[in-house]
Amino acid sequence: MDEQVWQPLTTVEGRPLQGGEGRFRQLETAESGLAYLIHYPAGVASPTHAHDHDSIVYVLSGRLRGAVDGVEAELEPGDSVLHPRGVAHHVEALTDSMWVEFKSPLPGRPPIA
């Protein structure tokens, strides 16, 4: 695998992040989906949003708090959560946090920037 460069992460589904900015690397892409490595510093949060694909989040480090369809949860390393397509959700980094996010099917447009 080629060395990937971190990119600034300032928006999710066209909406600005709250509390600062994160960073991301696109790890792999296939016809059926893609995988990102995402980092949020403590205090950074996504706005509530939904999208045209399913996302599976697997936490590598830190602590996250979020909600999927109004159901709140906290995640630590080794935890995972599904953000189903079309369902409102958000996430906030309680501490500096890193996770892998798998998206399928391949999003119609870049979901983060």
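Leaving aside its neighbours within four places in sequence, G78 is in contact with Y58 and V59. This glycine belongs to a predicted model, and its place is in the loop between β8 (71-75) and β9. G78 and L60 are separated by 18 residues in sequence, yet their C-alpha atoms are 6.3 Å apart in space. With a relative accessibility of 43%, G78 counts as partly exposed, because that value falls between the 20% below which a residue is called buried and the 50% above which it is called exposed.

A second glycine, G86, can be read in the same way. G86 is found in the loop between β9 (80-83) and β10 (89-93), where its relative accessible area of 58% makes it exposed, since the cut-off for that class is over 50%. When residues up to four places away in sequence are not counted, G86 touches A50 and H51. Between G86 and D69, which are 17 residues apart in sequence, the distance in space is 9.8 Å from C-alpha to C-alpha.

From these two loops the view can be widened to the chain as a whole. Its secondary structure comes to 11 strands and 0 helices, so that, read along the sequence, the pattern is β-β-β-β-β-β-β-β-β-β-β. The radius of gyration of the protein chain is 13 Å, close to the 13 Å that the globule rule gives for 113 residues, and the chain is therefore as compact as a globular protein of that length. Taken along the principal axes, the C-alpha atoms fill a box of roughly 30 × 30 × 25 Å. Among contacts between residues at least 6 apart in sequence, 67% join residues at least 24 apart.

The pairing of the strands can be followed from the N-terminal part of the chain. Strand β1 (residues 7-9) pairs with strand β4 (residues 22-30) in the antiparallel sense over 3 bridges, and within this pairing P8 has R23 of β4 as its bridge partner. β4 in turn pairs with strand β5 (residues 33-40), again in the antiparallel sense, over 7 bridges, and a hairpin of 2 residues joins β4 to β5. In this second pairing, the bridge partner of Q26 is Y36 in β5.

β5 also pairs with β11, to which it is joined by 7 bridges in an antiparallel arrangement, with L37 having V100 of β11 as its bridge partner. Strand β6 (residues 54-61) likewise runs antiparallel to β11 and is joined to it by 7 bridges; here S61 stands opposite M98 in β11. Strand β11 (residues 97-104) thus has pairings with both β5 and β6, and it is mostly covered, with 6 of its 8 residues buried. In a regular strand the side chains alternate between the two faces of the sheet.

What share of the residues of the protein chain count as buried? Of the 113 residues, 40% do. The accessible surface of the protein chain comes to about 6000 Å², and 52% of this area belongs to carbon and sulfur atoms. As for charge, the chain has 16 negative and 8 positive side chains, and the centres of the two sets lie 4 Å apart.

Notes
Residues are numbered from 1 along each chain as its sequence is written. This is a predicted model: local features need pLDDT of at least 70, side-chain atom pairs count only at pLDDT 80 or more; totals for chains, interfaces and linings use all residues. Side-chain values use heavy atoms; hydrogens and water are left out. Helices (H or I, at least four residues) and strands (E, at least two) are DSSP runs, numbered from the N terminus. Buried means under 20% relative accessible area, exposed over 50%, partly exposed in between (1.4 Å probe, protein chains only). Contact means heavy atoms within 4.5 Å. The radius of gyration is taken over C-alpha atoms; the globule rule is 2.2 Å times the number of residues to the power 0.38. Accessible areas come from the Shrake-Rupley method with a 1.4 Å probe; for residues, only the protein chains shown count as cover. Lys and Arg count as positive and Asp and Glu as negative; His and the chain ends are not counted. The place of a charge is taken as NZ of Lys, CZ of Arg, CG of Asp or CD of Glu. Two strands pair if DSSP finds at least two bridges between them.
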